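This briefing goes through one chain by topic. Please keep the sequence and the model in view while reading.

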Amino acid sequence: MGKYTLQCTSLKIGFVLLLTMLSFSNVEGQNTVTAGNEYNLLIGTYTEPGKSEGIYVYRFNTETGTFSYRSKAVGIDNPSYLTVSNDGRHVYSVSEAGGGKGGVSAFSFDPATGQLQLLNNETSGGNGPCY
């Protein structure tokens with residue numbers, strides 16, 4: 001992999017992480033706090049090509065900057081953009097699949113355990129849907 005490819009991949013991951021964090025910070029009244037300065041951090045990824053498997057949930061401490069793995073939701077192609085419902089109990093993800101197979105998926109989310117459960121998915125009729 002060339003230097004340019006690594007930089008672009010790092011930028012994509014950073015951008016997805018930033019969007020996810022902004023999604024959480026802009027939603028009022030949701031229950032994303034796990035304890036004190038700890039929050040659930042959801043990370044959407046690009047699964048192809050690569051080793052990522054889907055959406056990852058981490059516990060993130062805003063005071064220390066540390067994070068720890070909680071869970072993941074697999075089986076979604078390139079869940080690159082995530083948003084959270086106002087009550088913090090649902091997560092919505094795009095699926096950038098290409099070939100006209102892009103879609104949107106809905107998950108239930110348990111902030112206490114960090115578990116995501118797929119509720120349904122629907123095709124978007126395009127390659128890369130986003131918000």
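**Four-stranded sheet**

An open sheet of 4 strands is built in the order β5-β6-β7-β8, and the pairing is antiparallel. Its edge strands are β5 (82–84) and β8 (115–123), each of which pairs on one side only. On average, neighbouring strands of this sheet are turned by 20° against each other, direction ignored. The model is predicted.

**Strand pairing**

- Strands of a sheet pair through backbone hydrogen bonds, in either a parallel or an antiparallel sense.
- β5 is joined to β6 (residues 90–95) by 3 bridges, and the two strands run antiparallel.
- Within this pair, Thr83 has Tyr92 of β6 as its bridge partner.
- β5 and β6 form a hairpin with 5 residues between them. Gly88, in the turn, has a positive phi of about 75°.
- β6 also pairs with β7 (residues 103–110), in the antiparallel sense and over 6 bridges.
- Here the bridge partner of Val94 is Val104, which lies in β7.

**Chain overview**

- The chain contains 1 helix and 8 strands.
- Read from the N terminus, the order of elements is α-β-β-β-β-β-β-β-β.
- The chain has 131 residues, of which 36% count as buried.
- Taking contacts between residues at least 6 apart in sequence, 41% join residues at least 24 apart.
- About 7700 Å² of the chain is exposed, and carbon and sulfur atoms supply 53% of this area.

**Nonpolar cores**

- In soluble globular proteins, nonpolar side chains tend to be buried together.
- The largest nonpolar core of this model has 11 residues. Its members are Leu42, Ile55, Val57, Ala73, Ile76, Leu82, Val84, Val91, Phe107, Phe109 and Leu116.
- At least two residues of this core come from each of β3 (54–61), β5 and β7.
- A second, separate core has 5 residues, including Leu41, Tyr56, Tyr58 and Phe60.
- Phe109, a member of the largest core, has contacts beyond its neighbours within four places in sequence. These contacts are Asn40, Leu42, Val57, Gly88, Arg89, His90, Val91, Gly114, Gln115 and Leu116.
- Among these contacts of Phe109 is Gly88, the residue with positive phi in the hairpin turn.

**Tyr58**

- Tyr58 is found in strand β3 and belongs to the second core.
- Tyr58 has a relative accessible area of 19%, so the residue counts as buried, the cut-off being under 20%.
- Not counting residues up to four places away in sequence, Tyr58 touches Tyr39, Asn40, Leu41, Ile43, Phe67, Ser68, Tyr69 and Arg70.
- One of these, Arg70, is 12 residues from Tyr58 along the chain, and their C-alpha atoms are separated by 5.1 Å.

**Leu118**

- Leu118 is found in strand β8, an edge strand of the sheet.
- Leu118 is partly exposed because its relative accessible area is 39%, a value in between the cut-offs of 20% and 50%.
- Leaving aside neighbours within four places in sequence, Leu118 is in contact with Ile76, Ser105, Ala106 and Phe107.
- Of these contacts, Ile76 and Phe107 are members of the largest nonpolar core.
- Leu118 and His90 are 28 residues apart in sequence, with a C-alpha to C-alpha distance of 9.8 Å.

Key
Residues numbered from 1 in each chain as written. Predicted model: local features only at pLDDT ≥ 70, side-chain atom pairs only at ≥ 80, totals over all residues. Heavy atoms only, no water. Pairing = 2+ DSSP bridges. Axes fitted to C-alpha atoms, helices over the stretch in contact; angles between N-to-C directions. Core = buried A, V, L, I, M, F, W, Y, C linked by side-chain atoms within 4.5 Å. Buried < 20%, exposed > 50% of the residue type's maximum accessible area, 1.4 Å probe, protein only. Contact = heavy atoms within 4.5 Å. Areas by Shrake-Rupley, 256 points an atom, 1.4 Å probe, with all protein chains shown as cover.
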